[in-house]
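Me: Please give me a close look at one part, the surroundings of the ligand. Then work outward from there. Keep it brisk.

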Amino acid sequence: MSIDRVQARAAFERHFGFPPEVGARAPGRVNLIGEHTDYNHGFVLPMAIEQETLLLARRRPDRHVNAFAANLDRTTVAHLDHRMRNAAEPWIDYVIGVADELAKLEKPLTGVDLMIVGDVPIGCGLSSSASLEMAALVLFETLGGFEMPGAEAPKLGRRVENDFLGLSSGIMDQFISRMGKAGHALFLDCRSYEYELIPAAFPEAVFVIANTGVSRGLTSSKYNERVRECNEAVQRMNDRLSKSGTHLRDFSLAELDACADALPEIVLRRARHVITEDDRTRAACAALREGDTRALGELMNGSDASLREDYEVTCPQLDAMTDIARSLPGCFGARMTGAGFGGCTVNLVEKRHVDAFMRQLLVEYKRQTGFNGEVVASSPADGAGCVLV
Ligand code: GLA
């Protein structure tokens with residue numbers, strides 16, 4: 001569900017004592033398939049979700065960002081000319097990180113009284129942070145009277161993560177949050193940034209997102225470790241094959257097999273996940289275009305097995321939730337989604353079974369793990385934009 005604009009505006013007025021002047025929003029996302037492929041220059045197939053981050057603001061005559069995080073009931077003041085991280089109020093880092101990248105490009109920045117409100121669950125693999133970055137970008141664009149063209153906007157968001165926040169993540173989350181389209185999934189080539197919007201609706205099936213209720217622990221250190229392992233695979237395969245590939249995208253499964261004895265066993269498995277996941281993602285794209293729910297479900301299951309066994313980014317709760325899903329009537333496929341180590345699953349489920357599926361999934365998950373899971377209902381939504389206030 002998107003956020004109630006009237007209530008948000010009233011909350012802004014209550015907090016600041018005057019109405020907002022501009023508004024910007026950006027959605028979270030769920031990735032249907034193509035996991036941990038983006039920073040390897042591979043393929044991804046996410047869709048934007050209805051859950052979003054909404055920013056309301058009014059210009060200030062000075063260079064301050066006087067910010068109120070409504071969900072957290074926290075406030076802080078940052079300065080557009082002294083852009084640094086704030087360990088006490090880390091939520092503002094995403095806004096100041098965007099300002100920092102814009103300042104490097106010499107774009108005009110405007111001080112604001114700012115309210116942030118969102119309904120993307122935080123730390124659940126649905127990209128609440130990318131949605132805040134992309135909403136902040138739209139806000140600064142609107143106030144500054146400029147627009148970042150095409151892939152420049154998500155690339156800027158990625159730099160915020162990589163340079164300001166220290167997470168070696170790829171481009172997927174910001175790309176879909178900016179470019180998503182209602183009713184569609186987005187097939188993206190993370191090397192060329194070419195993309196295709198594909199209708200994501202089936203006559204007989206729907207995607208169901210389920211949250212394990214386990215928030216991702218140690219994600220950034222484990223995530224950066226995977227990025228390093230992939231880079232190591234590239235180095236070693238280049239040496240063995242006398243190639244000059246830059247990313248795992250540059251290698252085939254046959255080449256990986258030929259290098260098997262030159263790679264540590266863990267590195268071999270990491271590379272195998274990425275290379276096979278790219279193949280699955282291209283096949284999933286074709287299945288989605290053709291409306292082939294069975295083929296898509298099988299590919300989702302294959303992706304999950306590879307993330308579990310080769311890439312090792314699942315956790316017992318994610319595994320329980322996907323195993324239970326697959327045992328229920330009407331489930332074509334189930335997989336973890338996002339960075340992993342907790343967070344959400346995405347399931348493709350026959351419409352006539354969907355109510356029972358959701359009910360039984362949560363009951364059985366609670367019984368097996370003791371955790372309270374949750375279904376996150378969403379159709380594919382639009383990417384970032386201005387909001388009338
Ligand atoms: C996180 C990152 C993305 C992507 C996924 C895994 O969401 O931000 O760039 O790597 O993990 O597919």
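Reply:
**Around the ligand**

Start with Gly 170: one of its backbone N or O atoms lies 3.0 Å from an oxygen atom of the ligand. This is a predicted model, where local features need pLDDT of at least 70 and side-chain atom pairs need 80 or more, while totals for chains, interfaces and linings use all residues. Numbering starts from 1 along each chain as its sequence is written, and side-chain values use heavy atoms, without hydrogens or water.

Two side chains also reach ligand oxygen. A polar side-chain atom of Asp 173 lies 2.6 Å from one oxygen atom. For Tyr 223, an N or O atom of the side chain is 2.5 Å from an oxygen atom of the ligand. Such polar contacts are pairs of N or O atoms within 3.5 Å; within protein, one must be able to donate a hydrogen and the other to accept it, and residues adjacent in sequence count only if both atoms are side-chain atoms. On its own the ligand has 300 Å² of accessible area, and the protein covers 94% of that (Shrake-Rupley method, 1.4 Å probe).

Which residues are around the ligand? The list includes Arg 29, Glu 35, His 36, Asp 38 and Tyr 39. Ser 169, Gly 170, Met 172 and Asp 173 are also there, as are Tyr 223, Gly 338 and Ala 339. Each has a heavy atom within 4 Å of the ligand.

**The sheet with β9**

Now the sheet. It is open, has four strands in the order β9-β10-β8-β11, and pairs antiparallel. Strands (E, at least two residues) and helices (H or I, at least four) are DSSP runs, numbered from the N terminus. Pairing needs at least two bridges in DSSP. β9 (331-337) and β11 (374-376) stand at the edges with a single partner strand each, so one side of each lacks a neighbour in the sheet. From one strand to the next, the twist averages 30°.

β9 pairs with β10 (residues 344-350) over six bridges, in the antiparallel sense. Within that pair, Gly 333 stands opposite Leu 348. Two helices pack on this sheet. Helix α9 (residues 293-309) touches β8 (205-211), β9 and β10. Its direction makes about 35° with that of β9. Helix α11 (residues 354-369) touches β8, β9, β10 and β11, at about 20° to β8. Touching, or contact, means heavy atoms within 4.5 Å. Axes are lines fitted to C-alpha atoms, for helices over the stretch in contact; angles run from 0 to 180 degrees between N-to-C directions.

**A buried arginine**

Last, Arg 270, which is found in helix α8 (residues 265-290). Is Arg 270 buried or exposed? Arg 270 counts as buried, at 3% relative accessibility. Buried means under 20%, exposed over 50%, and partly exposed in between (protein chains only). The side chains of Arg 270 and Glu 229 are joined by a polar contact of 2.7 Å. Neighbours within four places in sequence aside, Arg 270 is in contact with Arg 226, Glu 229, Asp 310, Tyr 311 and Glu 312.

Key
Buried < 20%, exposed > 50% of the residue type's maximum accessible area, 1.4 Å probe, protein only.
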